[in-house]
Amino acid sequence: MAIGGVLAYRALFNWTRPAIFVGTLLVGPLFQLLFFAYLGRQLQVADDRFYVVGNAVLAATLAGVFGGTLAVGNERRYGTLGHVLLSPRSRTAVFLGRALPYAGNGVLIAVVTMTVGATLLGLRFPVGAIPGLLLAMAVGSLACAFFGLTLGALGLRFRDVWVVSNVAVALLLLLTGVNVPSTALPGWMVKIGEFLPITHAASAARDLAAGHGLAAAAPALGREALVGLGYAILAAVLLKVFETESRRTASLETL
Amino acid sequence: MRTLRMLALGTLAHVKQMSRSSFEVTIALVVPIVQATLAVYLFRAGHERHALLQAAVGAGLMGVWSSVLFGSGGAIQNQRWQGTLEMIMLVPRRPVLVILPITVATGLTGTYALLATLAWGRLLYGIRLDFVHPVGFVVAAVVCIVALGMFGLLLASTFVLMRNANALTNTLEYPIWLVSGMLVPITVLPAWTGPIAAVLPTTWGARALREATTGGPVWPSVTVCLGISLLCLAVGSISLTYVERRARAAATLALA
Amino acid sequence: MGSDYAIEAEGLRRTYRGRTGWLRPRRTEVEAVRGVSFTVGRGELFGLLGPNGAGKTTTIKMLNTLLLPTSGSARVCGHDVVRQTREVRRRIGYVFGGDRGLYDRLSALDNLRYFAELYGVAPREQKRRIAELLELVGLAGRERERVEGYSRGMRQRLHIARGLLHSPEVLFLDEPSIGVDPVAARELRRTVGDLAAAGTTVLLTTHYMAEADELCDRIAVIADGRIQSLGTPAELRHHADGRRVVEVEAYGVPEAAVGALRGLPGVRETAIEERGALQLLTVQSDAHVDVQGDILRELAGIRLGRVTSREPTLEDAYVAIVNAARPPEESREAIVNAA
């Protein structure tokens, strides 16, 4: 169940093509949502709302994780990493700026996935919950994009960035409690999940979709934002460290 | 005999080439653990605690399908990138004999996912590997893998021509898992998916494996699975011949 | 077999159709080869020589069945390349330059075994044939290493061994010496020469003059999708008959000065070659006009090195042929608007 998008990494270089974009980022997550929703019905694990909301928020990970990785990976692939790292502008700002479009992309995917998924499964959300849901998706997507940047930075160190990002996507599927309710997961997995993006955004979104109001969802949203901030800082630090290191060892291009 | 030898040695060469990629190796180490874990906890959360072995088998088969799906599409794209697609299409053989070893190889590397998922299930979650029909299970697994390889050939024949087959690949993973009831037969699916499921070799392969695991008439499912796959092979073979000619006309064999 | 020729090409043409842009897709048509005809005798070593983009690779791919001609026809060993594909494929080997086209994570031996199977080399002959070829290309002893660790020259030699597995009657070599160091290139030329001497027909494309001159029985100079000239190296040299060549080493020659040189009376061709900081300026003129004085006058104020005057070589003839073919305006790409 985790491999979805594993080889998508090969398609990523063609993301600018509409068919690839639609295929990978819109249709893929939709089928993933349907898969888990029907599985949930069959096994009586949780109801449709649980799966629709959770998987819609999770859909943002593809854009965020692969996008963030790509932001760093592409620079290297096209040999522009040196130029970016040596440009007089703040390197950190350059890279963080690159995460934003992917976060935006993530929100778009999450919205489409949720709308279409809910329509197909005949699920209705309270109208008042929509602004809150959008907020949850935005926070989740941003956290994902920063998480992706962190992975991209790690990719600078571990030759193949795509291994890192694909493994990460697999783990997110399992540990965020989106598809297996966290009550059913062992405690240590839940603990790890709390430090991953999406976990809190998904639980906030579920509260909102159930009509509990923004106040009830606020603590979870806050935690998600905190996780995102954590990864933003981590990404910046890692980039700084690896940059200094690569300058010292002159391994910028051969990394 | 000579052709069989060629197919076997060709498959072996491609298994070697595929299984030595560090990307594939890392993914192969991690993914089965995640798959097994996900399946086990989902089943435990539901009311299917007794069916954990079935969950592990299903999750493993899902891995085989992923390998065939991405492998058959990705391998051909890879051949193109490595510049080997031209070299293998240039040999004096029918295209099907050249491509089939590649797609069967993707099924074979997928076997690893099946075995690893079962192993992790045993190791981490103490799932007892007591199959109702052990021999039936082995036969069904072998048939399933070869069958998926043949099905992969049908996919491959479309992928040779399309430079952006990835779009299709990325969307085909979950639907096949879902519709063919790999993890668990899904009775709550809309009725119109029934006929689709009935013509997919994956449905019958999954069924055969399940019957061998938990009891049931294994052989009819195995036979149907093999029959549909041979049909895929025949159609794929014809379409490959056509596709090869189109590719020579459209100049899509060389680097995309 | 019936045919006297190993390769016969008649009026081969090839047009590539493509699309660019996805917001406003446009259909593009490029005529890569526009009517190429020639024959290659059995056992001949035939060269296709031309600048990049002249249509050499497209021509070779039509002959070796990888591309269908848009029009025209071709036969290899008497078999039609479009209709009798498998007959043709049995008899040909194809080797291209560069380091692609091999299974990187397999050893050289595994690569050769795999292709020996695909080509249907009899199992009991395989071992001997592979050993023989490894010896021929100088890879014996390293055949168990993975190809990913090979140098470019080694990959190139493995390519050749692979192309020869089934003892083809006709060998197509597409720019085999690209990116190969000079020593390896010389080895390569010797191998190719030996093959031809042993009776294999070789069609070689290259843009290295010396390679073509040294190896080929006959050369077709191809430019702009057409054969501009065809003959033995000695015959081609005649294109520069009645000319004289002045070579000037210079530093920082402006475009304008080169243009002015071209306008001098008696000057036929000019070419400029960058050699690091140095530029080598070659000026061909009619032999009876002494242009050296004029040239130096035009280049006044520019730092110059050695100035020499010499007889034309095959390379000068080649430059003359290719320049004559160049259309006044580069208008090879016709763009047709489409919805």
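Helices (H or I, at least four residues) and strands (E, at least two) are DSSP runs, numbered from the N terminus. The structure is a predicted model, in which local features need pLDDT of at least 70 and side-chain atom pairs count only at pLDDT 80 or more, while totals for chains, interfaces and linings use all residues. Residues are numbered from 1 along each chain as its sequence is written, and chains are lettered from A and ligands numbered from 1 in the order in which they are written.

**Exercise 1. Place Thr58(C) in its helix, decide whether Thr58(C) is buried or exposed, and list what Thr58(C) touches.**

Step one is the element: Thr58(C) belongs to helix α1 of chain C, which covers residues 56-63. Step two is the burial count, for which a residue is buried if 20 or more other C-beta atoms lie within 10 Å of its own, exposed if 12 or fewer, and partly exposed in between, with C-beta atoms placed from the backbone. Because 26 other C-beta atoms lie within 10 Å of Thr58(C), this residue is buried. Step three concerns contacts, where two residues are in contact if their C-beta atoms, placed from the backbone, lie within 7 Å. Not counting residues up to four places away in sequence, Thr58(C) touches Arg14(C), Ala32(C), Val33(C) and Leu67(C). As a last step, compare sequence with space: Thr58(C) and Pro176(C) are 118 residues apart in sequence and 15 Å apart from C-alpha to C-alpha.

**Exercise 2. Find where Ile198(A) and Cys77(C) lie, and state the phi value of each.**

Start with Ile198(A), which sits in the loop between α8 (187-194) and α9 (199-209) of chain A. Its phi is near 80 degrees, a positive value in a residue other than glycine. Ile198(A) counts as buried because it has 30 C-beta neighbours inside 10 Å. Turn next to Cys77(C), located in the loop between β4 (71-76) and β5 (79-80) of chain C. Cys77(C) is not a glycine either, yet has a positive phi of about 50 degrees; with 22 other C-beta atoms within 10 Å, Cys77(C) is buried.

**Exercise 3. Describe how α1(B) packs against α5(B), and how α3(C) packs against α5(C).**

For the geometry, axes are lines fitted to C-alpha atoms, for helices over the stretch in contact, and angles run from 0 to 180 degrees between N-to-C directions. Angles under 35 degrees count as roughly parallel, over 145 as roughly antiparallel, 65 to 115 as roughly perpendicular and the rest as oblique. A crossing is left-handed if the near helix is turned anticlockwise from the far one by less than a right angle, and right-handed if clockwise.

In chain B, the axes of α1 (residues 2-19) and α5 (residues 95-125) come within 8 Å and cross at roughly 50 degrees, so α1(B) and α5(B) are oblique to each other. The crossing of α1(B) past α5(B) is right-handed, and the residues that make the contact include Met6(B), Gly10(B) and His14(B) of α1(B) together with Leu100(B), Val104(B) and Leu108(B) of α5(B).

In chain C, the axes of α3 (residues 108-118) and α5 (residues 152-164) come within 9 Å and cross at roughly 25 degrees, which means that α3(C) is roughly parallel to α5(C). This crossing of α3(C) and α5(C) is right-handed. On the α3(C) side the contact involves Ala108(C), Asn111(C), Leu112(C) and Phe115(C), which meet Leu158(C), Ala161(C) and Arg162(C) of α5(C).

**Exercise 4. How many residues of chain C are in contact with chain B, and which element of chain C gives the most?**

Count the two sides, and 24 residues of chain C are found in contact with 25 residues of chain B. The elements of chain C that give two or more residues to this side are α2 (85-91) and α3, and α3(C) gives the most, with five residues.

**Exercise 5. Characterise the fold of chain B, and then the make-up of chain A.**

Chain B has 10 helices and zero strands. For its extent, the radius of gyration is taken over C-alpha atoms, and the globule rule is 2.2 Å times the number of residues to the power 0.38. A compact globule of 256 residues would have a radius near 18 Å, and chain B agrees because its value is 18 Å. Buried residues make up 59% of the 256 residues in chain B. Chain A likewise comes to 10 helices and zero strands, and 55% of its 255 residues are buried.
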